[in-house]
Amino acid sequence: MNRRLLPRLLLTPAMATLCLWMIVPLVMTIYFSLIRYNLMQPDQTGFAGLENFEYFVTDPSFATAVVNTLLLLGSVILITVVAGIAIALLINEPFAGRGIVRVLLISPFFVMPTVNALMWKNMMMNPIYGVLAQVWMFFGAQPVDWLTDYPLFSVIVMVSWQWLPFATLIFMTSLQSMNHEQLEASRMDGANYLQQLRYLYVPHLARSVAVVVMIELIFLLSIFAEIYTTTGGGPGDASTNVTFLIFKQALLNFDAGVASAGALFAVVLANIAAVFLIRMVGKNLDK
């Protein structure tokens, strides 16, 4: 009895702290989502029921924000998975300076999101002195104002650039555990590279792909700094996602009740996605 009780007693402070850290903010969010709490209208108080949720989902920007969120998630995940596998396969074979190349490939992941956004905004995508503008002018073309003409695409590029090293690192690690004897046997049997890629590399990377998709999806649902720093959700709502819409309701409209309702919507959305992804990862691990 004591052997079972003692470990539980020792874990109790840590578990209690963790539960408080998770549950208290969630309970407060639920509370604020059910009351009228607009800082610009302090006289309007009381129980609101589902009014805040109805106001959030009927916001003219809501449908656009959901679509933009799905496009952002799908595009970034597709780019990072495909490009990550390609880069991992490219640097998998030994060559001079491979260690330095690997460090350089991984380094963008450690750049802070705000710094990443400012770098792309001022150094790469500026229509006057940006690197892309100089390339366009070198070929005699008119520079593109990326953040104005293609705001969502610009955000996708920024986020993909930062998350690509993470996917590449996972895939590089997975490739290191491949059975090289099996690869050598396939070469002796006359299999070309495309056949090895289809029947050996891709099946081996299936678990890694599932892990990358799950982790990226959870974190990409909360993309905010890149949008706030570059496009501000615009022009109009062209680059507004669910996270930025919640920010607009909370700090631009000063409506904490509606913002809390939006936050709960985002939590539900993230949990639905996590359930499907965990099942997908579980199936891959069982193979």
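# A tour of the helices

Start with Ser 174, which counts as buried at 10% relative accessibility. The cut-off for buried is under 20% relative accessible area. This is a predicted model, so every stop shows a prediction.

**Stop 1: around Ser 174.** Select helix H8, residues 151-176. Ser 174 lies in this helix. Now show the neighbours of Ser 174, leaving out residues up to four places away in sequence. You will find His 204, Leu 205 and Ser 208 touching Ser 174. Next, select Trp 136. Trp 136 and Ser 174 are 38 residues apart along the chain. How far apart are the C-alpha atoms of Ser 174 and Trp 136? Draw the line: they are separated by 39 Å.

**Stop 2: H8 against H3.** Keep H8 on screen and add helix H3, residues 62-90. The axes of H3 and H8 come within 7 Å and cross at roughly 40°. That angle makes H3 oblique to H8. The crossing is right-handed. Colour the contact of H3 with H8 by residue class. You get 20 nonpolar residues, six polar ones and no charged ones.

**Stop 3: H8 against H5.** Hide H3 and select helix H5, residues 113-124. H5 packs with H8 at an angle of about 125°, and their axes are 10 Å apart. Are H5 and H8 parallel or oblique to each other? They are oblique, because angles of 65 to 115 degrees count as roughly perpendicular, over 145 as roughly antiparallel, under 35 as roughly parallel, and the rest as oblique. The crossing of H5 and H8 is right-handed. Show the side chains where they meet. From H5, pick Pro 113, Asn 116, Ala 117, Met 119 and Trp 120. From H8, pick Val 157, Met 158, Trp 161 and Gln 162. By class, this contact has seven nonpolar, two polar and no charged residues.

**Stop 4: H3 against H11.** Bring H3 back and add helix H11, residues 206-220. Their axes come within 10 Å and cross at roughly 145°. This crossing is right-handed. On the H3 side, select Leu 73, Val 76, Ile 77, Thr 80, Val 81 and Ile 85. These meet Val 209, Val 212, Val 213, Glu 216, Leu 217 and Leu 220 in H11. Sort the contact by class: ten residues are nonpolar, one is polar and one is charged.

**Stop 5: the two sides of H10.** Select helix H10, residues 193-204. Which residues of H10 are buried? Look at Gln 196, Leu 200 and Tyr 201. They cover an arc of only 85° around the axis, which puts them on the same side of H10. Now turn the helix around. On the other side, Leu 194, Arg 198 and Tyr 199 are exposed. To see what covers the buried residues, show the surrounding helices. The cover includes H3, H8 and helix H9, residues 180-188.

**Stop 6: Phe 139.** Move to the loop between helix H6 (131-138) and helix H7 (146-149). Phe 139 lies there. Is Phe 139 buried or exposed? Phe 139 is exposed, with a relative accessible area of 66%. Pick Leu 194 again and draw a C-alpha to C-alpha line. Phe 139 and Leu 194 are 55 residues apart in sequence and 36 Å apart in space.

**Stop 7: a cis bond.** Find the loop between helix H12 (225-230) and helix H13 (242-252). Pro 235 is found in this loop. Zoom in on the peptide bond from Gly 234 to Pro 235. That bond is cis, with omega near -5°.

**Last stop: Asn 271.** Select helix H14, residues 256-286. Asn 271 has its place here. Asn 271 is partly exposed, with a relative accessible area of 45%. Add Ile 218 to the view. In sequence, Asn 271 and Ile 218 are 53 residues apart. How many Å separate them in space, C-alpha to C-alpha? The distance is 8.8 Å.

Methods
Residues are numbered from 1 along each chain as its sequence is written. This is a predicted model: local features need pLDDT of at least 70, side-chain atom pairs count only at pLDDT 80 or more; totals for chains, interfaces and linings use all residues. Side-chain values use heavy atoms; hydrogens and water are left out. Buried means under 20% relative accessible area, exposed over 50%, partly exposed in between (1.4 Å probe, protein chains only). Helices (H or I, at least four residues) and strands (E, at least two) are DSSP runs, numbered from the N terminus. The arc is that of the directions from the helix axis to the C-beta atoms. Contact means heavy atoms within 4.5 Å. Axes are lines fitted to C-alpha atoms, for helices over the stretch in contact, and angles run from 0 to 180 degrees between N-to-C directions. A crossing is left-handed if the near helix is turned anticlockwise from the far one by less than a right angle, and right-handed if clockwise. Ala, Val, Leu, Ile, Met, Phe, Trp, Tyr, Cys and Pro count as nonpolar, Asp, Glu, Lys and Arg as charged, and the others, Gly among them, as polar.
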